[in-house]
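Q: Could you take me through one part of this protein slowly, as if I were new to reading structures? I'd like to zoom in on the salt bridges and see what sits around them.

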Amino acid sequence: MKFGATTLAILIVCFASLALADDFKTINGKEYKNATVSRVEPDGIVLRTNSGITKLYFAELPKEVQERFHHGSATPTGKAVTQRTDERGGVIGAFGLSDADRFAEKVAKKLDERESILQGKHTPGPAELMVRREINFHWAFLAGTAIIATVLFAIVWARFK
């Protein structure tokens, strides 16, 4: 009985994901079957289909689809929205960040890290500590080799004098 309940739960999840998929048709007639809206951006929507990820600009979509995703609304957010549509045309999802916002955050984080390194406030992570130990080992090895070579050279030089 437990095996049947597990199978039933898996089938329900699979069919629920298919129910969230939608069909889109552009004004040029190109169709996107079983597409899931990955996110809504100010200039279009990003669809995830079986063949990959596609961005459709609002100019390519019919008016009803543009209205469904609030294109041209009086209060644009400026940030992308990660959304999925259900069969009634409603939107499910939460606010996310656009690619430009994520890039700006990444750049700001890198600049903060570099500034903290320059000011001496940087705390190295485990990988950085391991690299430092390895570099220090190589420096010590080279220094020891140089000392031994110098001593041997001095001994050989003294014998041939």
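A: Here is a walk from the whole protein down to its charged pairs, with a short stop at some aromatic rings at the end.

Keep in mind that you're looking at a predicted model. Let's get our bearings. The protein has 4 helices and 6 strands, and from the N terminus on they run α-β-β-β-β-α-β-β-α-α. Of the 161 residues, 20% are buried. The accessible surface comes to about 12700 Å², and carbon and sulfur atoms own 65% of that. How much do stretches far apart in the sequence touch? Looking at contacts with a separation of 6 or more, 30% of them involve residues 24 or more positions apart.

Now for the charged pairs. How many salt bridges does a search of the whole structure find? The count is 5.

The part to look at closely is around K55, so find that residue in strand β4, which covers residues 52-57. K55 is partly exposed, with a relative accessible area of 28%. One of its partners is E41: the two side chains meet in a salt bridge, with 2.6 Å from N to O. E41 belongs to strand β2 (residues 31-41), so this pair ties together parts that are 14 residues apart in sequence. Is E41 buried or exposed? At 11% relative accessibility, E41 counts as buried, because the cut-off for that label is under 20%.

K55 also forms a salt bridge with D43, and here the closest N and O atoms are 2.8 Å apart. D43 lies in the loop between β2 and β3, so this second pair links parts that are 12 residues apart in sequence. D43 is partly exposed, with a relative accessible area of 36%. Put the pieces together and you get a network: salt bridges that share partners join R39, E41, D43 and K55.

Strand β2 has another charged pair for you to find. The side chains of E31 and K33 meet in a salt bridge, at 3.1 Å from N to O. E31 is partly exposed at 43% relative accessibility, while K33, at 51%, counts as exposed. Why does K33 get that label? Its 51% counts as exposed because the cut-off is over 50%.

While you're on strand β2, have a look at N34, which is found there too. Its phi is near 50 degrees, a positive value in a residue other than glycine. Why point that out? Most residues other than glycine have a negative phi. N34 is partly exposed, with 40% relative accessibility.

Finally, let's leave the charges and hop over to the rings. The structure holds 2 aromatic pairs. One of them is F137 with F141, a stacked pair with 6.4 Å centre to centre and 25 degrees between the planes. Both sit in helix α4 (residues 126-160), and being 4 residues apart there, they are separated by about one helical turn. Are these two rings' residues buried or exposed? F137 counts as exposed at 54% relative accessibility, and F141 is exposed as well, with a relative accessible area of 53%.

If you want one picture to hold on to, go back to K55: its bridges to E41 and D43 are part of the network that also takes in R39.

How values were computed:
Residues are numbered from 1 along each chain as its sequence is written. This is a predicted model: local features need pLDDT of at least 70, side-chain atom pairs count only at pLDDT 80 or more; totals for chains, interfaces and linings use all residues. Side-chain values use heavy atoms; hydrogens and water are left out. Helices (H or I, at least four residues) and strands (E, at least two) are DSSP runs, numbered from the N terminus. Buried means under 20% relative accessible area, exposed over 50%, partly exposed in between (1.4 Å probe, protein chains only). Contact means heavy atoms within 4.5 Å. Accessible areas come from the Shrake-Rupley method with a 1.4 Å probe; for residues, only the protein chains shown count as cover. A salt bridge is a side-chain nitrogen of Lys or Arg within 4 Å of a carboxyl oxygen of Asp or Glu. Rings of Phe, Tyr and Trp (its six-membered ring) pair if their centres lie within 6.5 Å; planes under 30 degrees apart count as stacked, over 60 as edge-to-face and the rest as tilted.
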